[in-house]
Amino acid sequence: MVLNDDISLLVVTTEIDENLDAIEVREWVYLGKCSIVQNSSARRIALKDGMEYTYSYEIYLRNKKGLKIPKDGDMIHITK
């Protein structure tokens, strides 16, 4: 399988500034190359928030040591 696309994961962390206020920091972390294949069955999955979602694509990642795998509900960005 050819991995032609780039995938990034949105990582949200909370930091404390000098005034002791909580600041939400959003950062896109590059995960590497991936491949996107259209899912012909368009399955429905239930996430932890109780909502059901229909997904129409499957994403395949290169299996690298230490690769952070996106979990259900994580926001990803794929660039073709």
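This is a conversation between a student and a tutor about one predicted model.

Student: What should I know about the model before we begin?

Tutor: The model is predicted, so local features need pLDDT of at least 70 and side-chain atom pairs count only at pLDDT 80 or more, while totals for chains, interfaces and linings use all residues. Residues are numbered from 1 along each chain as its sequence is written, and side-chain values use heavy atoms, with hydrogens and water left out.

Student: Why is Lys80 called exposed?

Tutor: A residue is buried under 20% relative accessible area, exposed over 50% and partly exposed in between, with a 1.4 Å probe and protein chains only. Lys80 has a relative accessible area of 74%, and therefore counts as exposed.

Student: What makes the contact of Lys80 and Asp5 a salt bridge?

Tutor: A salt bridge needs a side-chain nitrogen of Lys or Arg within 4 Å of a carboxyl oxygen of Asp or Glu. For the side chains of Lys80 and Asp5 the distance from N to O is 3.5 Å, so the pair meets the definition. This pair links distant parts of the chain, with Lys80 in the segment after β6 and Asp5 in strand β1, 75 residues apart; strands are DSSP runs of E with at least two residues, helices are runs of H or I with at least four, and both are numbered from the N terminus.

Student: Is Asp5 buried or exposed?

Tutor: Asp5 has 6% relative accessibility, and so it counts as buried.

Student: How do you know that Asp6 and Lys33 form a salt bridge?

Tutor: The closest N and O atoms of Asp6 and Lys33 are 3.1 Å apart, and therefore the salt-bridge definition is met. Asp6 lies in strand β1 and Lys33 in strand β2, so this salt bridge ties together parts that are 27 residues apart in sequence. Asp6 has a relative accessible area of 24%, so it is called partly exposed, and Lys33, with 34%, is therefore partly exposed as well.

Student: How many salt bridges does a search of the whole structure find?

Tutor: The search finds three salt bridges. One of them joins the side chains of Arg26 and Glu24, at 3.1 Å from N to O, and Arg26 is called exposed because its relative accessible area is 55%. As a general point, side chains of opposite charge can pair when their charged atoms come close.

Student: What makes Ile45, Met51 and Tyr53 a nonpolar patch?

Tutor: Patches are made of residues with over 30% relative accessible area and no salt bridge, where nonpolar side chains (Val, Leu, Ile, Met, Phe, Trp, Tyr) are joined within 5 Å and like charges within 9 Å. Ile45 has a relative accessible area of 33%, and so it is partly exposed, while Met51, with 48%, is therefore partly exposed too. Together Ile45, Met51 and Tyr53 have about 270 Å² of accessible area, which comes from the Shrake-Rupley method with a 1.4 Å probe, only the protein chains shown counting as cover for residues. Ile45 is placed in strand β3 (residues 44-46), and Met51 in the loop between β3 and β4.

Student: How do you know which residues line the largest pocket?

Tutor: On a 1 Å grid over the protein atoms alone, a pocket is an open set of points with protein on both sides within 12 Å along at least five of seven lines, and lining residues have an atom within 4 Å of a point. The largest pocket has 20 lining residues, and those nearest its centre are Ile45, Ile59, Lys71, Asp72 and Ile76. Elements that give two or more residues to this lining are β4 (52-54), β5 (57-61) and β6 (76-79), and β5 gives the largest share, four residues.

Student: What is notable about the phi of Leu20?

Tutor: Leu20 is not a glycine, yet its phi is positive, at about 65 degrees. Most residues other than glycine have a negative phi. Leu20 lies in the loop between β1 (5-16) and β2 (22-38), and at 69% relative accessibility it is therefore called exposed.

Student: Why is Ser8 called buried?

Tutor: Ser8, in strand β1, has 15% relative accessibility, and so it counts as buried. The C-alpha atoms of Ser8 and Ile59 are separated by 12 Å, with the two residues 51 apart along the chain.

Key. On a 1 Å grid over the protein atoms alone, a cavity is a set of points where a 1.4 Å probe fits but cannot get out, and a pocket is an open set with protein on both sides within 12 Å along at least five of seven lines; lining residues have an atom within 4 Å of a point.
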